[in-house]
Amino acid sequence: LLGVAAAEHVPAMAKLLEDEEPEVRRAACAALGRVKGGARDLVLALKDAEAGVRAEAATALGGQALAVGQLTSLASMAKDVDQEVQ
């Protein structure tokens, strides 16, 4: 994790999760996964329409400290319709 120093940039990275380009959203997920405090936005990205974004969000969450509700959201990805996400 990049830690507290990078945490101030979480809102800017989270805003990129709204970009129309899936590759931008995937990159935002990867970046959020390396920053302390990115888990909440990554959980939201688990519901993205693009399987690749959901997969990147799930992967990025693997390096985060998660609350119980966030763990439940991550575990539900094992049932995703897209095998890349599972």
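These are legends for close-up views of a predicted model.

**View A. The largest nonpolar core and the helices that build it.** This core has 19 residues, and L17, C29, L32, L42, A57 and L61 are the members that touch the most others in the set. Four helices each give two or more residues to the core: α2 (10-15), α3 (22-33), α4 (39-45) and α5 (51-61). The biggest share comes from α5, which puts in five residues. As a general point, nonpolar side chains in soluble globular proteins tend to be buried together.

**View B. Helix α5 and its surroundings.** Stay with α5 for a moment: nine of its 11 residues are buried, so the helix is largely enclosed by the rest of the structure. Starting from its beginning, the buried ones are A51, G52, V53, R54 and A55, then A57 and A58, and then A60 and L61. Two of these, A57 and L61, also turn up among the core residues that touch the most other members.

**View C. A salt bridge between R25 and D48.** The model has two salt bridges, and this view takes in the one that joins R25 to D48, with the closest N and O atoms 2.8 Å apart. R25 belongs to helix α3, while D48 sits in the loop between α4 and α5; the two are 23 residues apart, so to speak, and the pair links distant parts of the chain. Are these partners buried or exposed? R25 has a relative accessible area of 9%, so it counts as buried, because the cut-off is under 20%. D48 comes in at 14% and is buried too.

**View D. A salt bridge between E18 and K15.** Here the side chains of E18 and K15 meet, with 3.3 Å from N to O. E18 counts as exposed, at 59% relative accessibility. K15 is exposed as well, with a relative accessible area of 54%.

**View E. D19 and its contacts.** Look for D19 in the loop between α2 and α3. Its relative accessible area is 28%, which makes D19 partly exposed. What does D19 touch, leaving out residues up to four places away in sequence? The contacts are V24 and R25. R25 is the residue from View C that forms a salt bridge with D48. Closer along the chain, a polar atom of the D19 side chain lies 2.8 Å from the backbone nitrogen of E21.

Methods. Residues numbered from 1 in each chain as written. Predicted model: local features only at pLDDT ≥ 70, side-chain atom pairs only at ≥ 80, totals over all residues. Heavy atoms only, no water. Core = buried A, V, L, I, M, F, W, Y, C linked by side-chain atoms within 4.5 Å. Buried < 20%, exposed > 50% of the residue type's maximum accessible area, 1.4 Å probe, protein only. Salt bridge = Lys/Arg side-chain N within 4 Å of Asp/Glu carboxyl O. Contact = heavy atoms within 4.5 Å. Polar contact = N/O pair within 3.5 Å; in protein donor to acceptor, adjacent residues only side chain to side chain.
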